[in-house]
Amino acid sequence: MARLPNLRMGRVPDAPALSVRDPWPGDGDRGARLIKGELEVGGAVQYLQQGAWHALGGSPDLRAGAHSFSWLRDLRALGTDAARLKARGLVADWIANPPPDPIAHRPDIVGARITAWLGHYDFFAATADDAFRQRLMARLVSDARGLSAALPAEELDARALTALKGLIAAAVALREQGGFLARALRFLPQEITRQILPDGCHAERSPAAQLAALQDLTEMRALLQSAQTAPPPALTGAIDRMSPALRLMRHGDGGLALFNGTREESDALITLVLNQAGRGGRSPSSLSEGGFHRMQAGRTVLIVDCGAPPPPGVDRRTHAGTLSMEMSVGRDRLIVNCGAFPAGPPEWRDASRATAAHSTLVIADTNSSELRPEGLGRRPQVVDAQRQEAAGAHWLDASHDGWRKPFGAIHRRRLYMAESGEDVRGEDLIESPDPQPFTLRFHLHPDVQANLQQDGATVLLRLRSGSFWRLRADGARLTLEDSIYLGGAEPRRSEQVVLTGFADGPQQVKWALSKVERAG
């Protein structure tokens, strides 16, 4: 068993020994909403005013966002005296009346809060009176010592990195409190090994987790460098591996692909994180352990999830989206998954995780993985992908056995992209001993206008840029139906192309996406 540090408070410093600066941009518009008492987290809104800490409701993600204080960067971005006083008032109120909500005292939230209070100290605390600063520093010391005792936090999947980051920030700023840095550096390498796969993909197989983990790791490296402490090799190695993997997960608009609990996120933020990581170059075409494949030609990008779902313990946000795909043309997203609304109502989270919320095939209205509140039950055991490239063209042949247990069925998806990027073809095949009803979905980005043609087998798609693409299908009935897009700042109505049929023996559905010069 790990030896725990001495939890006696000791002397409380008057101020941080070394300045800790939050490196990420805030949103002044969200800061203005905070002045009015509205906190936005992941598209959901929470009422947040002084005196309301004990009454916070909403989803666990929404409450976690409130208690993390990461929104201080939004008030800082607003930059007014009112924003400064709002930040100070909310911090003072939290310290005076610590909320009983267990989420507020979870190691990752404590780590995020320590980092936020130290990272914005000069904004909301440096000009405050001595009494406020003394209470703040005392709470920081107390929380850091409790966090140190709580490590390792292995049950927190990617969130354990945020806990470690908070302890490193405390070690840098509170040098009188010995032992913090040694304890953080003791657990950091093993946590990196547990979470970061050899190909640089995060173990959760989520672009959102990939971005968040890379942010945490680059912050840790910067904190250690500011304290003139050499970062451990495991830290620098993980950053070097994760950056190219994150590039693979970006569309032409710079945002993230919507797999496993992910929203688009800001192009500017992702670019800043990659710049902070310090490794340039092109994205790889595939991740051998993570299982994502990127097919790119001309202005077209196709990203496909060909990996087995993550194991128990890191599958909290995993979706039943095996073999789902997304496609963008330049800065226009065309084919998408529905995305995620983690801070929203539970029914929204459940719906967004279903196979039907992804651009892939569904057998008998049954998810390819069994969805449970804290992860997955039944899931594909074998997911295989073979890839070829020749003369600029791409072929991908993938399959999974997620429906083997309920139906004895295998889903195989074959994809082809021409050298120009303007001709994408697919075949979805069901191998099953018994007849099975199936649905093949292509969710469209809300900016795409879709029109079903008179032949009943073709949909004309107009992108935001004004270019046209045609989706044709053979082997199934084609309809155009409503959908929902959760990848942006707020939920938006959208449409989906739906192919339905009945697989009697091996059933193959062929489809093609091709650019057309004009609507006629």
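Here a residue is called buried under 20% relative accessible area, exposed over 50%, and partly exposed in between, with a 1.4 Å probe and protein chains only. Keep that scale at hand for the exercises below.

This is a predicted model, in which local features need pLDDT of at least 70, side-chain atom pairs count only at pLDDT 80 or more, and totals for chains, interfaces and linings use all residues. Residues are numbered from 1 along each chain as its sequence is written, and side-chain values use heavy atoms, with hydrogens and water left out.

**Exercise 1. A residue before the helices**

Find P13 and decide: is P13 buried or exposed?

Solution. Start with the place: P13 sits in the segment before helix 1. Next, take its relative accessibility, which is 1%, so P13 counts as buried. Then look for its contacts, where contact means heavy atoms within 4.5 Å. Setting aside neighbours within four places in sequence, P13 touches Q134, M137, V141, L174 and E176. Finally, look across the model: the C-alpha atoms of P13 and L499 are separated by 65 Å, and the two residues are 486 apart along the chain.

**Exercise 2. The whole chain**

Describe the overall build: how many helices and strands are there in the chain?

Solution. Count the DSSP runs, numbered from the N terminus: helices are H or I runs of at least four residues, and strands are E runs of at least two. The chain has 14 helices and 20 strands. Now check the radius of gyration, taken over C-alpha atoms, against the globule rule of 2.2 Å times the number of residues to the power 0.38. The chain gives 24 Å, close to the 24 Å from the rule for 520 residues, so it is as compact as a globular protein of that length. Its C-alpha trace spans about 75 × 45 × 40 Å along the principal axes. Of the 520 residues, 58% are buried. As for contacts between residues at least 6 apart in sequence, 68% join residues at least 24 apart.

**Exercise 3. A covered helix**

Examine helix 2: which of its residues are buried?

Solution. Helix 2 covers residues 60-68, and 7 of its 9 residues are buried. They are L62, R63, A64, G65, A66, H67 and S68. Then ask what they pack against: strand 1 (38-41), strand 2 (44-47), helix 4 (81-96) and helix 5 (107-119). Step just past the helix and you meet F69, which has a positive phi of about 65 degrees.

**Exercise 4. Charges in pairs**

Work through the salt bridges: how many does the count come to?

Solution. Begin with the rule: a salt bridge is a side-chain nitrogen of Lys or Arg within 4 Å of a carboxyl oxygen of Asp or Glu. The count comes to 34 salt bridges.

- The side chains of D22 and R73 form one of them, at 2.9 Å from N to O. This pair links distant parts of the chain, with D22 in the segment before helix 1 (28-35) and R73 in helix 3 (residues 72-78), 51 residues apart. D22 is buried at 12% relative accessible area, while R73 is partly exposed at 21%.
- E427 and R414 form another, at 3.4 Å from N to O. E427 lies in strand 13 (residues 423-431) and R414 in strand 12 (residues 410-417), so the pair ties together parts 13 residues apart in sequence. Both residues count as partly exposed, E427 at 23% relative accessibility and R414 at 31%.
- D447 pairs with R464, their closest N and O atoms being 3.4 Å apart. D447 lies in the loop between strand 14 (436-444) and strand 15 (449-452), and R464 in the loop between strand 16 (458-462) and strand 17 (468-474), so parts 17 residues apart in sequence are tied together. D447 is partly exposed at 23% relative accessibility, whereas R464 is exposed at 55%.

As a last step, follow shared partners: salt bridges join D397, R412, R414, E427 and E431 into one network.

**Exercise 5. A charge without a bridge**

Locate R353: which side chain of opposite charge is nearest?

Solution. R353 lies in helix 13 (residues 346-353). R353 is buried yet has no salt bridge, and the nearest side chain of opposite charge, D350, is 4.9 Å away. Beyond its neighbours within four places in sequence, the contacts of R353 include D315, R316, H358 and L376.

Conventions:
Lys and Arg count as positive and Asp and Glu as negative; His and the chain ends are not counted.
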